[in-house]
Amino acid sequence: MTPRIFGLAEKNIDGTPDPDHVRLWGMELETRAVLYWREQGKSQFAVFDTVESADERFGRLFDLALYFPQP
């Protein structure tokens with residue numbers, strides 16, 4: 001499987017992701033999803049079983065929407 005890029009973005013008024021305001025980026029692998037961000041000048045990451053679990057954890061925490069950019 002080719003890794004698939006995803007993001008967690010601020011929401012538009014209708015709840016859809018705003019592609020100009022992606023706050024966290026990630027990569028979906030065959031068996032995991034890895035989410036990356038910077039916090040206080042340091043690179044951070046978290047590993048999840050699925051993209052959906054990353055969205056459930058961080059999307060809900062920061063009120064972000066799951067976003068898959070078009071190739």
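A salt bridge is taken here as a side-chain nitrogen of Lys or Arg lying within 4 Å of a carboxyl oxygen of Asp or Glu. The structure under consideration is a predicted model, and by this rule it contains 4 salt bridges. The strands that carry several of the residues concerned are described before the individual pairs.

The model holds an open sheet of 5 strands, arranged in the order β4-β3-β2-β1-β5 and paired in an antiparallel manner. Strands β4 (42–48) and β5 form the edges of this sheet, each of them pairing on one side only. On average, and with direction ignored, neighbouring strands of the sheet are turned by 40° against each other. Between β1 and β2, which run antiparallel, there are 7 bridges, and within this part of the sheet Gly 7 stands opposite Trp 25 of β2. Helix α1 lies across β1, β2, β3 (33–39), β4 and β5, and its direction makes an angle of about 25° with that of β1.

Among the salt bridges is the one between Glu 28 and Arg 4, in which the closest N and O atoms are 2.7 Å apart. Because Glu 28 belongs to strand β2 (residues 17–28) and Arg 4 to strand β1 (residues 4–11), this pair ties together parts that are 24 residues apart in sequence. With regard to accessibility, Glu 28 has a relative value of 15% and therefore counts as buried, the cut-off for that class being under 20%. Arg 4, by contrast, has a relative accessible area of 39% and is partly exposed.

A further salt bridge is formed by the side chains of Glu 10 and Arg 23, with an N to O distance of 2.7 Å. This pair, too, links distant parts of the chain, since Glu 10 is placed in strand β1 and Arg 23 in strand β2, at a separation of 13 residues. Glu 10 is partly exposed at 32% relative accessibility, and Arg 23 is likewise partly exposed, its relative accessibility being 45%.

Lys 11 engages Asp 63 in another salt bridge, for which the closest N and O atoms are separated by 3.0 Å. Here the connection runs from strand β1, where Lys 11 is found, to the loop between α1 (51–62) and β5 (65–67), where Asp 63 is found, and the two residues are 52 residues apart. The relative accessibility of Lys 11 is 39%, so this residue counts as partly exposed.

Attention may then be turned to nonpolar residues at the surface. Ile 13 is located in the loop between β1 and β2, and its relative accessibility of 93% places it in the exposed class, for which the cut-off is over 50%. The C-alpha atoms of Ile 13 and Phe 68 are separated by 18 Å, the two residues being 55 residues apart along the chain.

Tyr 36, Phe 45 and Val 47 together make a nonpolar surface patch of about 320 Å². Of these residues, Phe 45 is situated in strand β4, which is one of the edge strands of the sheet. With a relative accessible area of 57%, Phe 45 is exposed.

Methods
Residues are numbered from 1 along each chain as its sequence is written. This is a predicted model: local features need pLDDT of at least 70, side-chain atom pairs count only at pLDDT 80 or more; totals for chains, interfaces and linings use all residues. Side-chain values use heavy atoms; hydrogens and water are left out. Helices (H or I, at least four residues) and strands (E, at least two) are DSSP runs, numbered from the N terminus. Buried means under 20% relative accessible area, exposed over 50%, partly exposed in between (1.4 Å probe, protein chains only). Two strands pair if DSSP finds at least two bridges between them. Axes are lines fitted to C-alpha atoms, for helices over the stretch in contact, and angles run from 0 to 180 degrees between N-to-C directions. Contact means heavy atoms within 4.5 Å. Patches are made of residues with over 30% relative accessible area and no salt bridge: like charges are joined within 9 Å, nonpolar side chains (Val, Leu, Ile, Met, Phe, Trp, Tyr) within 5 Å. Accessible areas come from the Shrake-Rupley method with a 1.4 Å probe; for residues, only the protein chains shown count as cover.
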